[in-house]
Amino acid sequence: MSSGTSAEHESTPAGRASPTPDAAQHLAAIITSSDDAIISKDLNGIVTSWNKGAERLFGYSAEEIIGKPILLLIPADRQSEEPGIIERIRRGERIEHYETIRRRKDGSPIDISLTVSPIRDGTGTVVGASKIARDISERRRADEQLRRQAKHLQTLNHVAEVVSRDLDLQRIVQSITDLATELSGAKFGAFFYNVSNEAGQSYLLYALSGAPREAFETFGLPRNTALFAQTFRGEGIVRVDDIAKDPRYGKSAPHHGMPAGHLPVVSYLAVPVMSSSNEVIGGLFFGHDRAGVFSDESESLIAAVAAQAAVAIDNARLHRAAQTEIEQRKKAEEAKELLLNELRHRVKNTLGTVQAIASQTFRTAPEEERQAFVARLHALSDAHDLLNLQNWRSVGVEETIARALTPFQQRDRKRFVLGGPVVELNPTTALLLSMVIHELGTNAVKYGALSNDSGEVAVTWSLGETSNGTRLKLDWVEHGGPAVKKPEKRGFGSQMIERTLRGEQGAAMFDYAAAGLHCILEIKI
């Protein structure tokens, strides 16, 4: 801070008019009433004048200091400044706004800004110096406060950067503990935090800074004692200038105070770390072996760090939960795939065994009947293959019908027209529909539209709501085949379709129109 005041004790040089008595009195009044310290000294550093401002600033009265060395005001480590100032004054130089430290009468230091001007006699010869000293302690404190705030902001930004780029819980809490210990001015710090294992059991872990783990391991983890309880319950910050003088200290067994060999704690600061759901995650604890180390400023800074720590730990927990879920899903998928492979293998073996038994059982039956039975087994096998491809999840109606009709397709001619909305079927319904469609296709090859080269089949479907739930309605319409007439007796295929659908709370209706068979199926889904 500049002095903003200019006053020099200077004799009038030769050839210049002397100040009038009124001007001299006015100058003296300014010097006397100035808030700044205005001092004069000779070239030997002896004080020759001292105003009220100097008395207020340094604590010496004029009677106490005039005639004494100016070195009384200069701290021992700064007395080397004085010869340099005197040398510049001898050369007639003016020293503007020189910032330094001086000493009060009680020995306390004070930050000042000095302006030093040479004093000349009537011939212009330099005979001494006039000093204007202004107290800049407040400005220095403000500058220091700004510097600390800038440093703290930088540290908080660093904390945010560290915790935002990492999802490993242990690394996060160690980084936070180290940074918070430095930020608070503590000699040592600890972060005690709750974690849960896969079984849901909660336990306490900790990270340390400024002290070895052995310093805590022999004393066990902190408990909900009178002093710790407020932090562990998340009720607020605990700050103590001298822990031994706190009324809560020494109330809990077994130590009733500081355990023997414990780290020396005089100043104490504890800040709870709370999640976004107000769960107490843990607490940041700091100590110092000197009293009164922690301030309002350090308390608010650590509270900000605790808030960032809570966000980071919440994110780390969510990440870990997601990783655990992914791992569990992966294991479940692997187990499911193993089970499906085993099921696929067993179904194939079972169908193969059934086919072998049927061939032995029906070896005297007509070839046509044997082929029909084998074809039905193949249809069932194909339906299982489709479900295996879908991992036994839902499968579409169109895909199920197309797969069942594949054996009846011709490469050079399209024989089927399919149309309907996208409908997903569960595995049981898909198997049922596949078998029914296969039976209708077999019947069309033997007697209907697929028994010649010109017939076609249209298969359409829709969804409808009934009192019994959602139903899939499917129309099988043949045309272009030979003339149709109602059979005198019902065949095995039509009986199987009717009985199967009836068991599944469905229905099958056959219209043997001359133009072609029209079969209406209803299946509950």
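This is a short chat about a predicted model of a protein chain.

Me: What should I know about the model before we start?
Reply: The model is predicted, so local features need pLDDT of at least 70 and side-chain atom pairs count only at pLDDT 80 or more, while totals for chains, interfaces and linings use all residues. Residues are numbered from 1 along each chain as its sequence is written, and side-chain values use heavy atoms, with hydrogens and water left out.

Me: How many helices and strands are in the chain?
Reply: The protein chain has 13 helices and 17 strands, taken as DSSP runs numbered from the N terminus (H or I over at least four residues for a helix, E over at least two for a strand).

Me: And what share of the residues is buried?
Reply: Of the 525 residues, 39% count as buried, meaning under 20% relative accessible area with a 1.4 Å probe and protein chains only.

Me: Moving on to α12, where is that helix and what is its reach?
Reply: Helix α12 covers residues 427-446 and reaches 29 Å from its first C-alpha to its last, close to the 28 Å expected, where the expected span is 1.5 Å times one less than the number of residues. Since 16 of its 20 residues are buried, α12 is largely enclosed by the rest of the structure.

Me: Which residue caps its N-terminal end?
Reply: N426 does, with a side-chain oxygen 2.8 Å from the backbone nitrogen of T429.

Me: What about α6, which residues are buried there?
Reply: Among them are I172, V173, I176 and S184. The end C-alpha atoms of α6 (residues 169-184) are 22 Å apart, which agrees with the 22 Å that its 16 residues should span, and just after the helix G185 takes a positive phi of about 80°.

Me: Is S298 buried or exposed?
Reply: S298, found in helix α9 (residues 296-361), counts as buried because its relative accessibility is 6%.

Me: What does S298 touch, leaving aside its neighbours within four places in sequence?
Reply: With those neighbours left aside, S298 is in contact with S184 and L269, where contact means heavy atoms within 4.5 Å. In addition, a polar atom of the S298 side chain lies 2.7 Å from the backbone nitrogen of S295.

Me: New topic: how much space lies in the largest cavity?
Reply: About 60 Å³ lies in the largest cavity, and its lining includes I39, F58, R102 and K131. The elements that give two or more residues to that lining are β4 (109-120) and β5 (126-135). A cavity here is a set of points on a 1 Å grid over the protein atoms alone where a 1.4 Å probe fits but cannot get out, and lining residues have an atom within 4 Å of a point.

Methods: Buried means under 20% relative accessible area, exposed over 50%, partly exposed in between (1.4 Å probe, protein chains only). A polar contact is a pair of N or O atoms within 3.5 Å; within protein, one must be able to donate a hydrogen and the other to accept it, and residues adjacent in sequence count only if both atoms are side-chain atoms. On a 1 Å grid over the protein atoms alone, a cavity is a set of points where a 1.4 Å probe fits but cannot get out, and a pocket is an open set with protein on both sides within 12 Å along at least five of seven lines; lining residues have an atom within 4 Å of a point. Grid points are joined across faces, edges and corners, and a volume is the space filled by probe spheres set on the points.
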